[in-house]
Amino acid sequence: MQTETLYSQSPPYLETLNDPQRQAVETLDGPVLVLAGAGTGKTRVLTARLAHLLHTGRAFPSQILAVTFTNKAAQEMKERVSGLMGGAPVEGWWLGTFHALSARMLRRHADLVGLSSNFSIIDTDDQLRLLKQIMEVEGIDTKKWVPKAMLHFIERWKDRGLLPAQVGSEDTGDLADGKLKGLYGRYQARLREINACDFGDLSLHMITILKDPANATVLADYHRRFRYVLVDEYQDTNVAQYLWLRLLAQGTGNICCVGDDDQSIYGWRGAEVGNILRFGQDFPGAKIIRLEQNYRSTNNILKAAHAVISNNEGRLGKELWSDSGDGEKIFVRGLWDGEAEARWIGEEVETLQHKKWALNDMAILVRAGFQTREFEERFIKLGVPYKVIGGPRFYERLEIRDALAYLRVVMQRADDLALERIINTPKRGLGDSTVQTLYAYGRAKGIALYDAIMDLTQTDELRPKVKTTLMKLLDDFARWRSLVDNMHHAELAALILEESGYMQMWKTDKTPEAPGRLENLKELVSGMSQFESLAEFLEHIALVLENQNTSNGEFITIMTLHGAKGLEFKAVFLPGWEEGLFPSQRSMDENGLKGLEEERRLAYVGITRARARAYISYAANRRMYGNWISAIPSRFVDELPPAYVEVSADSGVYQAGRSSHWDSSGFKPQATAPRVVAERKVMSEDGVILARGDRVFHDKFGYGKIINIDGHKLDIAFDKSGTKRVMDSFVTKA
Ligand code: ATP
Ligand code: MG
């Protein structure tokens, strides 16, 4: 094997590194933990270290185990290392995500856990189907104990590296009538019978194998093989992954992990930042290296981010500096509503484009998926190419397509594809065979599915229960159709989603995605108000969906804050900094202070993605499901020291940073009292406060007088159309 001395001068990838970075790259023996803030070059250090190991002949690619957080990051690291190595392709990598690497290992030893090497890896749908079957066999009420919720428990145990036998009864309580632990066991047995794994099993099975003294040769083999272990984004590993790493690295002890406790944002998925704190205990003699120079951002951005994260307790604590000057202040902007926010960001994007900034250098980072809609609409209007990374575009999301399908059938009953999509969504007991029967009949007669249903429900062709269900569905559609001309289309859409049981379906759904889907549906309804009619809205959607692959070249990125970890952009837009949205109310409700602190770390991740410019915005009003909700700026906005921000606001919008709770030194805000979130007001479409007796105007019903207010519902005596109940947000003050 070659040695370092082969190189008379230091290789190019080392030359640009600062001293501690270089130390982290060159300390090849023994455990190393690089604990450092955002943008300090942790990923760069890992990449250089990989190159260095190869370059110095310390190891072949097949002897290095390198873990990244995403497949994309793995790909980038591969490219960068082969770039550093002079472009030669590097073969035989063990470089990838925990999942990918574990799967690869498990295929080699599947028999040791009762699988064969061609096992399949199943997704959430299959996991649920399997668990549900087992629950039914066990006679557990799946209405009371929703399988999705039960699966969640099982997955968290797997994250913690617990096999069924290791789950304590105190962990299960009376879940699934006290049978949850048994269910977990049966679920595992069933997976084995069908030769399958879920994602959690990938590391869990490997831990089982590597820990078993009977397999000592397997472990010894890996110890011989992997001379070096490298891990990026270490703060977001869960316990099972940690155990997996520890087992593999204990052979040589040559493990290098890089991470930042301030960027731990996957607690909700089982990640344990405590793994960082355990490192020193598990790998005695670990060298801890801190990096403090940030190469990504200007000082204003860094200091602002630092001030925000300083509000968290129990941090390991670190401060960053940058020699790239103060740069520009962070732009903080208060806007009237979500539409104004999108318009403002659109204008700023165009201004930057005029200054020759590339779209590829800009990103909009949102807290919640539903937020993308407003920006997508704006960019389509402006003709600015964009990509939603890490998820489908708004109108392509499952729940949005479902909702649109309902609306399409209402507008056009011969829309078979739409009807087929939702005929049994939510579940109505109309299985595939019923749909086949209906289709076969329709085809024979040359008529649409809807008409086939009309015909067949007049006969005794179908089972009575199926017939009743279908008749109810036809009734519903007929009623909704009759409302098209008498009700505001957004109100109608909300009504359809409620009456069809579609909203309910997601409300009772316990998967982590469900709340986001509900938010998307509400956003869909809110967004409809911008259009004249249902027909016009559907037309618009059809065009939006068609108008997709407009550009292969430059585009602005829209993604969630979670997805943006590890990335950087010259300009970053951070919209929706309002209490309840960010920090997310759900996260705070479910996890209290811990939840709030994870949200704050997310804010830190967001700000530190920016190289030169960061824009933070909040809206004073959000239309949620047809209701106007008045929002207050996020507490994180208040945590930004005035010295590093430039605040402005639309007229009439509270201007953060100018209010009395900022102290005179201008540095740190005094503690603010806990705030009431999303206080509701009865407000007209144009934001005017309404009271009984006010005269108002409604698009469909004309002028009238408010005779009663019930929450957001107004009873209005209309001059020409009699008394009607409408939502406050659909009227303007006359
Ligand atoms: P994060 O915590 O966000 O993952 P990180 O610590 O992994 O950040 P990197 O992404 O590795 O940071 O580096 C941030 C930026 O700084 C990159 O553009 C990188 O190329 C640059 N950089 C890092 N170290 C140096 C250096 N010594 N000289 C010049 N540029 C550097
Ligand atoms: Mg990184």
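This is a short walk through some charged side chains, one selection at a time. The model you have open is a predicted one.

**Stop 1: a pair between two loops**

Start by selecting Asp29 and Arg58. Their side chains form a salt bridge, with N and O 2.9 Å apart. Colour the backbone by secondary structure and you will find Asp29 in the loop between α2 (19-26) and β1 (32-36), while Arg58 sits in the loop between α3 (42-55) and β2 (64-68). The pair therefore links distant parts of the chain, as the two residues are 29 apart. If you switch on a surface, look at Asp29: with a relative accessible area of 47%, Asp29 is partly exposed.

**Stop 2: a pair within one helix**

Next, select Lys132 and Glu136. Here, too, there is a salt bridge, this time at 3.6 Å from N to O. How are Glu136 and Lys132 placed in helix α6? They are four residues apart in that helix (residues 124-137), so about one helical turn separates them. Glu136 is partly exposed at 45% relative accessibility, and Lys132 is partly exposed as well, at 37%.

**Stop 3: a pair joining two helices**

Now move to Glu399 and Arg517, whose side chains meet in a salt bridge of 2.7 Å, N to O. Glu399 belongs to helix α18 (residues 398-411) and Arg517 to helix α25 (residues 514-528), so this pair ties together parts 118 residues apart in sequence. Is Glu399 buried or exposed? Glu399 is buried, with a relative accessible area of 2%.

**Stop 4: a network**

For a group instead of a pair, select Asp260, Asp261, Asp262, Arg315 and Lys318 together. Salt bridges with shared partners join these residues into one network. To put the stops so far in context, the whole structure holds 43 salt bridges.

**Stop 5: a buried glutamate with no salt bridge**

Finish on Glu597, in helix α27 (residues 585-607). Glu597 is buried, yet has no salt bridge. Which side chain of opposite charge is nearest to Glu597? That is Arg600, 4.7 Å away. A salt bridge needs the nitrogen and the carboxyl oxygen within 4 Å, so Arg600, at 4.7 Å, does not make one with Glu597.

What does the side chain of Glu597 reach instead? Show the backbone atoms of Glu313: the side chain of Glu597 comes to the backbone nitrogen of Glu313 at 2.8 Å. Add Asn311 and Asn312 to the selection to complete the view. Setting aside neighbours within four places in sequence, Glu597 is in contact with Asn311, Asn312 and Glu313.

How values were computed: Residues numbered from 1 in each chain as written. Chains lettered and ligands numbered in written order. Predicted model: local features only at pLDDT ≥ 70, side-chain atom pairs only at ≥ 80, totals over all residues. Heavy atoms only, no water. Buried < 20%, exposed > 50% of the residue type's maximum accessible area, 1.4 Å probe, protein only. Lys, Arg positive; Asp, Glu negative; His and termini not counted. Polar contact = N/O pair within 3.5 Å; in protein donor to acceptor, adjacent residues only side chain to side chain. Contact = heavy atoms within 4.5 Å.
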